[in-house]
Amino acid sequence: MTTYNNVLYQTDNGIGMITLNRPKALNALNSELLTELNGLLDEIAQDDSVKVVIITGSGDKAFVAGADIAEMQNISPLEGRAFGKFGQAIFNKLENIPQPVIAAVNGFALGGGCELAMACDIRIASDKAKFGQPEVGLGIVPGFGGTQRLPRLIGKGRAKELLYTADMINAEEAYRIGLVNRIVAAEELLSTAKELAEKIMARAQAAVQLCKAAVNTGMDTDLESGIAYEAEVFGLCFASADQKEGMSAFIGKRKPNFSNK
Ligand code: HXC
């Protein structure tokens with residue numbers, strides 16, 4: 001496993017733990033961090049021993065306070081477009097790696113930080129977390145998918161209000177509007193994320209990963225195509241040892257013992 005300057009990575013019993021690590025800049029996403037995250041995601045996507053990924057930010061203040069404003073300050077329109085596309089491709093990769101990804105949002109998740117959290121499958125917020133898309137206050141629009149994922153997640157009207165006002169909202173409000181799945185006390189954030197990861201890992205992993213693929217594919221297409229895709233992956237499950245095990249365990253009134261095959 002490669003070592004990185006701005007991203008810490010550890011594996012523990014099937015959980016891949018990513019910590020974005022530029023605490024002096026509140027973990028702001030500069031090109032170097034993004035390049036490293038990109039490389040790490042490639043490694044994780046190929047690593048069958050990792051079943052669930054958790055992403056958090058280092059320090060007690062920020063998940064990610066956005067893309068690095070100092071780095072963007074003097075770029076040209078073409079450089080801006082390239083930077084946006086670069087980050088978008090990484091977040092698309094994150095959204096589509098086989099394993100489920102849980103964002104453990106430990107503090108500020110602003111701009112690119114909120115966009116990063118939205119590219120994860122599930123978001124757990126610390127009670128200290130704050131969310132927002134402050135870009136219009138900087139004279140830009142969100143560029144790492146925020147104008148697209150925010151309305152898909154919380155609805156068009158609420159998304160537009162957050163985008164147009166640049167308001168920062170607390171964890172309670174983020175929970176109320178469906179931006180996060182749950183809120184926990186800051187000191188319980190990582191243990192809660194790990195408990196959730198363990199619950200997911202106790203299920204049949206191929207089935208979990210096919211659920212992810214089916215939801216992602218279906219959300220970006222019409223219902224008929226999504227339903228058709230579901231039928232294909234449903235059929236595919238019957239080629240797995242875990243389907244045999246899961247159903248015979250039910251019939252035999254015992255707990256399944258999945259082999260992830
Ligand atoms: C670069 C950042 C940063 C950022 C914080 N820092 N956010 N550096 N880019 N996005 C740096 C500060 O400059 C400062 O460095 C240090 O981190 C601590 O931040 P402070 O502002 O001193 O902390 P505080 O007063 O507690 O305020 C916290 C904060 C504020 C409210 C989160 O830092 C803030 O508003 N940050 C910017 C948030 C933002 O606008 N994000 C969107 C970016 S645009 P020094 O060296 O002074 O100690 C974006 C676009 C994505 O994300 C798409 C791109 C294509």
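**Exercise 1. Find how strand E6 is joined to strand E8, and place both in their sheet.**

Step 1. Start with E6 (residues 108-110) and E8 (residues 130-132): three bridges join these strands, which run parallel. Strands here are DSSP runs of at least two residues and helices (H or I) runs of at least four, numbered from the N terminus. Two strands count as paired if DSSP finds at least two bridges between them. In this pairing, Ala109 stands opposite Phe131 in E8.

Step 2. Before going on, note that this is a predicted model, in which local features need pLDDT of at least 70 and side-chain atom pairs count only at pLDDT 80 or more, while totals for chains, interfaces and linings use all residues. Residues are numbered from 1 along each chain as its sequence is written, and side-chain values use heavy atoms, with hydrogens and water left out.

Step 3. Now widen the view: E6 and E8 belong to an open sheet of four strands, ordered E4-E6-E8-E9, with mixed pairing. At the edges stand E4 (62-64) and E9 (168-170); each has a single partner strand, so one side of each is left without a neighbour in the sheet. From one strand to the next, the twist averages 20 degrees.

Step 4. Finally, add the helix: H4 packs on this sheet and touches E4, E6 and E8, its direction making about 75 degrees with that of E4. Contact means heavy atoms within 4.5 Å. Angles run from 0 to 180 degrees between N-to-C directions, and axes are lines fitted to C-alpha atoms, for helices over the stretch in contact.

**Exercise 2. Work out how helices H3 and H4 are arranged.**

Step 1. Take the geometry: H3 (residues 77-96) and H4 (residues 112-119) pack at an angle of about 30 degrees, and their axes are 8 Å apart.

Step 2. Classify it: that angle makes H3 roughly parallel to H4, a label for angles under 35 degrees (over 145 is roughly antiparallel, 65 to 115 roughly perpendicular, and the rest oblique).

Step 3. List the residues: H3 brings Phe91, Leu94 and Glu95, and H4 brings Gly112, Glu115, Leu116 and Ala119.

**Exercise 3. Trace the hairpin of E1 and E2.**

Step 1. Six bridges join E1 to E2 (residues 15-20), and the two run antiparallel.

Step 2. Check the partners: Val7 stands opposite Leu20, and Gln10 has Met17 as its bridge partner.

Step 3. Look at the turn: two residues lie between the strands, and Asn13 takes a positive phi near 50 degrees.

**Exercise 4. Find backbone polar contacts to the ligand.**

Step 1. Among the 24 residues around the ligand, those that come nearest are Lys61, Ala65, Ala67, Ile69 and Gly112; a residue is near if one of its heavy atoms lies within 4 Å.

Step 2. Gly112 has a backbone N or O atom 2.8 Å from an oxygen atom of the ligand. For Ala65, such a backbone atom lies 2.9 Å from a ligand nitrogen atom.

Methods. A polar contact is a pair of N or O atoms within 3.5 Å; within protein, one must be able to donate a hydrogen and the other to accept it, and residues adjacent in sequence count only if both atoms are side-chain atoms.
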